[in-house]
Amino acid sequence: CDLTLLGDPAAVHELASKLHVDVSAASVLDPRTQADEQMVNTLFELRKAKGLTLEGARDLVELDPNYFGTMLMHLGKVDGMVSGACHSTASTMRPAMQIIKMAPGFSLVSSIFFMLLQNGVKVFGDCAINVDPNAEQLAEIGLVSSRTARAFGIYPRVAMLSYATGDSNVGPMIDKVRKATAIARESAPDDPIEGPIQFDAAVDPAVAAVKFKGVDNAVAGKATVCIFPDL
């Protein structure tokens, strides 16, 4: 893939040299000098109804790398953006919500983490945005996370997590996860989705064998997508 870094080129190359990182194949763009009129005018047209002025659009594109990067995506100049190490979740998400917006057919924005573990990459969602989703929202988070995992080459085995597995306990959270699981299964009947299930039973085959009494399960012990019931 082609990598684009945002920042002052001199500072980027100096830091890369100190860290012994080769960025010679990457393009380095400085929003302060390389924000063009197309970006500014497009952002202005998108947000003028919300009170954004032309000069305000120029300031956002030139001074906020998240707006600059999001405009690169919106204009088809890059395919994606990685941000958040030096910016808050709100600062990272705001330009995407204002410019790219939510895909049709969905009711909420959610997040996933790609967790690089010893036994491979797992997807955790939603661990950053929705504080306490209801059953319908939780089901949507599970389905969207599954779709994203598949887009990145991870076969989705979705575990809808709770503090109990199956019918071993009762409570409002368990009921919510059980309902969310039923909704998700109805929407994606061919996808392996299990819940409620505890994290250890979802990812550890030995624990899964005990809690599922040796009955084979498409998700238990081999989950690749873990959906948490709240933050």
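## Close-up views of a predicted model

**Figure 1. Val 158 of β5 has Ile 193 as its bridge partner in β6.** This is a predicted model, and the first view takes in two neighbouring strands. A total of 3 bridges join β5 to β6 (residues 193–197), and the two strands run parallel. Follow the chain and you will go from β5 through α8 to β6, a β-α-β crossover that is right-handed. As for β6 itself, 5 of its 5 residues are buried, so the strand is largely enclosed by the rest of the structure.

**Figure 2. β5 also pairs with β7.** Here, too, the strands run parallel, and 3 bridges join them. Ala 159 finds its bridge partner in β7 at Cys 226. Now look at where the side chains of β5 head: Val 158 and Met 160 point one way from the strand, while Ala 159 and Leu 161 point the other way. Whichever way they point, all four are buried.

**Figure 3. The largest nonpolar core has 16 residues.** If you would like a place to start, try the residues with the most contacts inside this core: Leu 138, Val 158, Met 160, Ala 180, Val 225 and Ile 227. At least two core residues come from each of α7 (135–151), β5 (158–161), α8 (172–187) and β7 (225–227). The biggest contributor is α7, which gives 5 residues. As general background, nonpolar side chains in soluble globular proteins tend to be buried together.

**Figure 4. A closer look at Val 225 and its contacts.** Val 225 is among the residues with the most contacts inside the largest nonpolar core. Setting aside its neighbours within four places in sequence, Val 225 touches Val 123, Ser 145, Ser 146 and Ala 149, and is also in contact with Pro 156, Arg 157, Val 158 and Ala 159. One of these, Val 158, belongs to the β5 residues that are buried.

**Figure 5. The largest pocket holds about 1,300 Å³ of space.** Its lining is made up of 35 residues, and those nearest the centre of the pocket are Met 93, Val 109, Ser 110, Ser 111 and Ile 112. Two or more lining residues come from each of α5 (65–74), α6 (89–100), β3 (112–117) and α7. With 7 residues, α7 gives the most to this lining. You have met this helix before: α7 also gives the most to the largest nonpolar core.

Definitions and conventions
Residues are numbered from 1 along each chain as its sequence is written. This is a predicted model: local features need pLDDT of at least 70, side-chain atom pairs count only at pLDDT 80 or more; totals for chains, interfaces and linings use all residues. Side-chain values use heavy atoms; hydrogens and water are left out. A nonpolar core is a set of buried Ala, Val, Leu, Ile, Met, Phe, Trp, Tyr and Cys residues joined through side-chain atoms within 4.5 Å. Buried means under 20% relative accessible area, exposed over 50%, partly exposed in between (1.4 Å probe, protein chains only). Contact means heavy atoms within 4.5 Å. Two strands pair if DSSP finds at least two bridges between them. A crossover is right-handed if, with the strands pointing away from the viewer, the path from the first strand over the helix to the second runs clockwise. On a 1 Å grid over the protein atoms alone, a cavity is a set of points where a 1.4 Å probe fits but cannot get out, and a pocket is an open set with protein on both sides within 12 Å along at least five of seven lines; lining residues have an atom within 4 Å of a point. Grid points are joined across faces, edges and corners, and a volume is the space filled by probe spheres set on the points.
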